[in-house]
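Thanks for coming. I will show one structure and then go through a few of its helices and charged pairs.

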Amino acid sequence: VPIHIPALRSHKSDIPDLVKHLIIKYNQEYGRNVSSITPEALSRIMAYDWPGNVRELENYVGRAMINIKMTENALTEKHLPIITADIEAVGISVQKQFMENELTLLDDALSYYERLHIERVLRENQMNREKTALALGVSLRTLYYKLKKLNIQF
């Protein structure tokens, strides 16, 4: 007897409860003490058009929980893994951009992605360059070099 399980996108109203359940599950598995998820993080999860089933959401939340430090107790946007929809949500489709600009050279593709990533981390840190360098794991001098090299203005 085949059992049809609809894609998660067809019952998005269940996502908040599923995420709360998964946080409790991963708290026990990973020894974390996360008690909540920020509205921004939840809205980003809700905005994604989940093509798969609940297992896809489970894997996503699991990866996010790995990114949480032991001392943190809230799941925020900075903990969420990047998904293609995040990039498309800001009006940029990486694959389309690569094709339009014919970024066939590896250096061009890496520079393009590096620029996107640095800009995102800058926004997450309210354009604070010291915090951004720390979050990226580079020195402030290296960040300044990359900002100039990639022509990132703010």
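What is the relative accessible area of Lys146? It is 21%, so Lys146 counts as partly exposed; here buried means under 20% relative accessible area, exposed over 50%, and partly exposed in between, with a 1.4 Å probe and protein chains only.

Before going on, the basis. This is a predicted model, in which local features need pLDDT of at least 70 and side-chain atom pairs count only at pLDDT 80 or more, while totals for chains, interfaces and linings use all residues. Residues are numbered from 1 along each chain as its sequence is written, and side-chain values use heavy atoms, with hydrogens and water left out.

Now the salt bridges. The term means a side-chain nitrogen of Lys or Arg within 4 Å of a carboxyl oxygen of Asp or Glu. The structure has 5 of them, and I will take three.

Lys146 pairs with Glu114, with 2.8 Å between the closest N and O atoms. Lys146 is in helix α8 (residues 140-149) and Glu114 in helix α6 (residues 106-124), so this salt bridge ties together parts 32 residues apart in sequence. Helices, for this talk, are DSSP runs of H or I with at least four residues, numbered from the N terminus.

Next, Lys25 and Glu58 form a salt bridge at 2.2 Å, N to O. Lys25 belongs to helix α1 (residues 15-30) and Glu58 to helix α3 (residues 54-66), so the pair links parts that are 33 residues apart in sequence. Lys25 is partly exposed, at 26% relative accessible area.

The third salt bridge joins Arg120 to Glu124, the closest N and O atoms lying 2.5 Å apart. Both residues are in helix α6, 4 residues apart, about one turn of the helix. Arg120 is partly exposed at 24%, and Glu124 is partly exposed at 33%.

Back to helix α1, which also contains Leu18. Leu18 is partly exposed, with 22% relative accessibility. Leaving out residues up to four places away in sequence, Leu18 touches Leu8, Val54 and Leu57, where contact means heavy atoms within 4.5 Å. Between the C-alpha atoms of Leu18 and Val61, which are 43 residues apart along the chain, the separation is 9.8 Å.

Last, helix α2. Which residues of helix α2 (residues 39-47) are buried? They are Ala41, Leu42, Arg44 and Ile45. These residues cover an arc of only 160° around the axis, which puts them on the same side of α2; the arc is that of the directions from the helix axis to the C-beta atoms. On the face turned away from that buried side, α2 carries the exposed residues Pro39 and Ala47.

Definitions and conventions
Helix = DSSP H or I, 4+ residues; strand = E, 2+ residues; numbered from the N terminus.
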